[in-house]
Amino acid sequence: MGKKRNALLRFDSALYPAKALKKAIRAYSELGDFKLTKVGRYFCVEINNIAPSQQTVISDEFKNYCLGTLL
Amino acid sequence: MKCRLSTEIYPLDAIINACYAFIDRAYISLDTNNTTNSIEVAIKSKARLSAKQKKTLVDDFKNELLHSALRYQISKNNKKIREYIIGRALYNPALSAAAAPENDDKMNYLEDPLGIAIPWEKKYGKKKKCASKV
């Protein structure tokens with residue numbers, strides 16, 4: 001079972017502050033490698049080394065967690 | 001499923017609150033559209049749903065959005081009075097001075113001007129038994 005697989009999530013910087021995303025990355029850091037970059041008005045979160053079977057779930061749950069950090 | 005919400009109608013805080021209320025049922029992500037001053041909410045159900053159930057989910061979300069917007073509006077309208085009440089309760093030194101008894105440090109607790117420490121029997125005496133018994 002190869003573990004290297006990428007997922008790229010985009011977050012609008014007008015809605016998601018970098019602080020919230022960093023907090024979410026810290027919380028999810030044990031599940032894979034997360035890398036935050038800024039491209040234009042979007043923050044891009046690149047997720048590597050997550051189990052292929054969990055890629056969708058982790059990405060989606062990560063999005064929800066980011067939403068939760070906005071409050 | 002996507003919803004486009006105007007920020008002129010729904011405040012951003014209300015949208016985020018409504019989304020948060022749905023994160024147990026769906027995966028939600030937000031995006032802005034600067035040209036139309038709107039926010040796009042992408043809702044992806046966690047469970048596999050039929051078309052009708054998906055529509056119900058979106059409709060529920062819209063209702064929650066209205067609810068959140070109303071709560072936000074009420075909270076905004078009552079902000080001043082809320083702050084006043086909390087400020088009055090916690091920080092007003094005049095209030096705490098008024099609540100404290102005057103000359104507190106001069107009071108001698110051994111004195112009993114109202115006779116509170118005197119037992120009832122001693123103060124009023126024992127009741128006399130009725131002389132005439134039937």
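Two strands pair if DSSP finds at least two bridges between them. With that in mind, we can look at the sheets of this model, which is predicted: local features need pLDDT of at least 70, side-chain atom pairs count only at pLDDT 80 or more, and totals for chains, interfaces and linings use all residues. Residues are numbered from 1 along each chain as its sequence is written, chains are lettered from A and ligands numbered from 1 in the order in which they are written, and side-chain values use heavy atoms, with hydrogens and water left out.

**The sheet of chain B**

Helices (H or I, at least four residues) and strands (E, at least two) are DSSP runs, numbered from the N terminus. Chain B has 5 helices and 3 strands, and from the N terminus on its elements follow the order β-α-β-β-α-α-α-α. Its 3 strands form an open sheet, ordered β1-β3-β2 with antiparallel pairing. Because β1 (2-6) and β2 (26-33) of chain B stand at the edges with a single partner strand each, one side of each has no neighbour in the sheet. From one strand to the next, the twist averages 20°; for such values, axes are lines fitted to C-alpha atoms, for helices over the stretch in contact, and angles run from 0 to 180 degrees between N-to-C directions.

The antiparallel strands β2(B) and β3 (residues 38-45) of chain B are joined by 8 bridges. One place to find this pairing is S29(B), whose bridge partner in β3(B) is A42(B). A helix from the other chain joins in here: α2(A) packs on this sheet and touches β2 and β3 of chain B, its direction making about 60° with that of β2(B). Contact here means heavy atoms within 4.5 Å.

Two totals round off chain B. Of its 134 residues, 20% count as buried, where buried means under 20% relative accessible area, exposed over 50%, and partly exposed in between (1.4 Å probe, protein chains only). Among contacts in chain B between residues at least 6 apart in sequence, 59% join residues at least 24 apart.

**The sheet of chain A**

Chain A has an open sheet of 3 strands in the order β1-β3-β2, with antiparallel pairing. Here β1 (7-12) and β2 (33-39) of chain A are the edge strands, each with a single partner, so one side of each is left without a neighbour in the sheet. Neighbouring strands are turned by 20° against each other on average, direction ignored. Between β2(A) and β3 (residues 42-48) of chain A, which run antiparallel, there are 7 bridges, and K35(A) stands opposite E46(A) in β3(A).

Helix α1 (residues 18-28) of chain A packs on this sheet, touching β1, β2 and β3 of chain A, and its direction makes about 165° with that of β2(A). Helix α2 (residues 55-69) of chain A lies across β1, β2 and β3 of chain A and runs at about 20° to β1(A).

**How the two helices meet**

Two packed helices are described by the angle between their axes and the distance between the axes. For α1(A) and α2(A), the angle is about 135° and the axes are 9 Å apart. That makes α1(A) oblique to α2(A), since angles under 35 degrees count as roughly parallel, over 145 as roughly antiparallel, 65 to 115 as roughly perpendicular and the rest as oblique. Among the residues that meet are L21(A) and A24(A) in α1(A), and F62(A) and C66(A) in α2(A).

**Three residues to look up**

| Residue | Place | Relative accessibility |
|---|---|---|
| F11(A) | strand β1 of chain A | 2%, buried |
| S59(A) | helix α2 of chain A | 7%, buried |
| N49(A) | loop between β3 and α2 of chain A | 26%, partly exposed |

Leaving aside neighbours within four places in sequence, the contacts of F11(A) include Y16(A), L21(A), F43(A) and F62(A). The C-alpha atoms of F11(A) and L21(A), 10 residues apart along the chain, are separated by 8.8 Å. With the same neighbours left aside, S59(A) is in contact with A7(A), L9(A) and I47(A).

Most residues other than glycine have a negative phi. N49(A), a residue other than glycine, has a positive phi near 55°.

**The nonpolar core**

A nonpolar core is a set of buried Ala, Val, Leu, Ile, Met, Phe, Trp, Tyr and Cys residues joined through side-chain atoms within 4.5 Å. The largest one holds 41 residues, and those touching the most other members are F11(A), Y16(A), F62(A), I15(B), L30(B), V41(B) and F61(B).
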